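Subject: Structure handover

Hello,

Here is the structure I said I would pass on. My notes on it follow.

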Amino acid sequence: MAKRDFYDVLGVSRGASEADIKKAYRRLARKLHPDVNPGAKGAQARFQEVQEAYEVLKDPEKRRAYDRFGHAGPPPPFEAAGPAGAAYPGFGGAGQPFEGFQFEGDLGDLFGNIFGGRARSGPERGSDAQGTIEIPFHDAVLGGTASLSLRRERVCERCGGTGRVGKSVCPVCRGTGRTAEAETVRIKIPEGTEDGGSIRVPGKGQPGLDGGPTGDLFVTVRVTPHPYFERRGDDIYGVVPVTTKEAYAGAEIDVPTIHGTLRARIPPGTRGQKLRLRGKGVRNPRTGQTGDHIYTIRVVVPRNVTPAGLDAATLLDSLYDEDVRKDLPRGL
Ligand SMILES: [Zn+2]
């Protein structure tokens, strides 16, 4: 059986807030918990399904990965040659794709810790930080760099994170073991980055505890729309005006694409159809595929209306062998 969509499992919309997700989960967990439904058929499986969905959707980082990659999870890290030729640290880095699902936390609250506590000791990984950047269409499509200013915590250098110097409270961090500093993080934008996509910057999250590794920074990317090009998936769309004669007789025309202007041949009798330039869209480093450039022909008639022009238009009109609006609906 195909795995169900996690949002469907919890009965929430894709835009649901964290609070809504938690509420939906708690409601379902109470209803379906095996201790509440001993022997109820299917409840156990449904409970596990709910549990698994919640483990992913409650975590902004896992949720984003799920939104982007679905059940398959993030692909292995890839190397994308940006304009500077630098390697891009792939999303969902080595060794930590979706972690195993564990019972912890919220269920413990609900059911009196029946799954055991979650006391931790020893080194612990720092939490991940989040950020958002807006980048130009050009950089999203072809790759580039951006920078993000954020306040980052660091382990206090004076006390090494212990909060104490000798027998007194550390004067630098005042005992917290942390200092916060403004930092500008440079972010490599891989070629083919999508609006709403997420870029992982390793080691730019919060510092770990007891010498644990630093968390990562996850940057949500917003792409400024382009005034002409429109992107859908890996394809790029545009509109190309042509003259009446070019459309009627066929012509070779200039078509702007994200890879520069290309010459393309439109056939005689071209109407408003969409024409395709294969492989002239966005290169997607994840799939290794390149999308197409799809352009719609728009026939533009002259602005000047003259007697000679009207004669020519009348002559053209006499050539239609059918009603140009014959396929339109008559109403709703
Ligand atoms: Zn300190």
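Four donors count as tetrahedral if all angles lie between 85 and 135 degrees. The model is a predicted one, and the first item in it is a metal site to which that rule applies.

Zinc site

The zinc ion is held by the SG atoms of C156, C159, C170 and C173, at 2.2 to 2.3 Å. The angles among the four donor atoms run from 104 to 116 degrees, and the site is tetrahedral. For reference, the ideal angle for four tetrahedral donors is 109.5 degrees. Along the sequence the donor residues follow the spacing C-x2-C-x10-C-x2-C. Among the donors, C170 and C173 are both buried.

Overall content

The protein chain has 332 residues, of which 38% count as buried. Its secondary structure comes to eight helices and 15 strands. Taking contacts between residues at least 6 apart in sequence, 61% join residues at least 24 apart.

Helix α4 and R64

Helix α4 covers residues 60-69, and seven of its 10 residues are buried, so the rest of the structure largely encloses it. The buried residues are E61, K62, R63, R64, A65, Y66 and F69. At the N-terminal end, D59 acts as a cap, with a side-chain oxygen 2.9 Å from the backbone nitrogen of E61. After the helix comes G70, with a positive phi near 70 degrees.

One residue of α4 may be worth a look when you assign charges: R64. What is the nearest side chain of opposite charge to R64, and how far away is it? It is E61, at 6.3 Å, and R64 has no salt bridge although it is buried. The side chain of R64 does have a polar contact of 3.4 Å with the side chain of S198. Neighbours within four places in sequence aside, R64 is in contact with Q130, S198, F218 and T220.

Salt bridges

Side chains of opposite charge can pair when their charged atoms come close. The count of salt bridges in this model comes to 22. Three of them are described here, starting with E183 and R152.

In the E183 and R152 pair, the closest N and O atoms are 2.9 Å apart. E183 is in strand β5 and R152 in strand β2 (residues 144-155), so this salt bridge ties together parts 31 residues apart in sequence. E183 is buried at 12% relative accessibility, and R152 is buried as well, with a relative accessible area of 9%.

E252 and R263 form another salt bridge, with 3.2 Å between the closest N and O atoms. Here E252 belongs to strand β10 (residues 251-257) and R263 to strand β11 (residues 260-266), so the pair links parts 11 residues apart in sequence. E252 is partly exposed at 42% relative accessibility, while R263 is exposed, with a relative accessible area of 51%. Elsewhere, salt bridges with shared partners connect R152, R154, E181, E183 and K204 into one network.

The third pair is E230 with R232, where the closest N and O atoms are 3.1 Å apart. E230 is partly exposed, with a relative accessible area of 40%, and R232 is partly exposed at 42% relative accessibility.

Backbone and loops

Most residues other than glycine have a negative phi. R174 is not a glycine, yet its phi is positive, at about 55 degrees. It sits in the loop between β4 (168-169) and β5 (178-189). R174 is exposed, with a relative accessible area of 70%.

D210 is likewise not a glycine and has a positive phi of about 50 degrees. Its place is the loop between β6 (198-201) and β7 (217-223). D210 is exposed, with a relative accessible area of 61%.

Is G212, in the loop between β6 and β7, buried or exposed? G212 is buried, because its relative accessible area of 12% is under the 20% limit for that class. The C-alpha atoms of G212 and P123 are separated by 4.3 Å, although the two residues are 89 residues apart along the chain. Leaving out neighbours within four places in sequence, G212 is in contact with P123 and E124.

Regards

Notes
Residues are numbered from 1 along each chain as its sequence is written. This is a predicted model: local features need pLDDT of at least 70, side-chain atom pairs count only at pLDDT 80 or more; totals for chains, interfaces and linings use all residues. Side-chain values use heavy atoms; hydrogens and water are left out. Donors are N, O and S atoms within 2.8 Å of the metal (3.2 Å for Na, K and Ca); water is not among the atoms, so sites may look incomplete. Four donors count as tetrahedral if all angles lie between 85 and 135 degrees; four count as square planar and six as octahedral if opposite donors are over 155 degrees apart and all others between 65 and 115; anything else is irregular. Buried means under 20% relative accessible area, exposed over 50%, partly exposed in between (1.4 Å probe, protein chains only). Helices (H or I, at least four residues) and strands (E, at least two) are DSSP runs, numbered from the N terminus. A polar contact is a pair of N or O atoms within 3.5 Å; within protein, one must be able to donate a hydrogen and the other to accept it, and residues adjacent in sequence count only if both atoms are side-chain atoms. Lys and Arg count as positive and Asp and Glu as negative; His and the chain ends are not counted. A salt bridge is a side-chain nitrogen of Lys or Arg within 4 Å of a carboxyl oxygen of Asp or Glu. Contact means heavy atoms within 4.5 Å.
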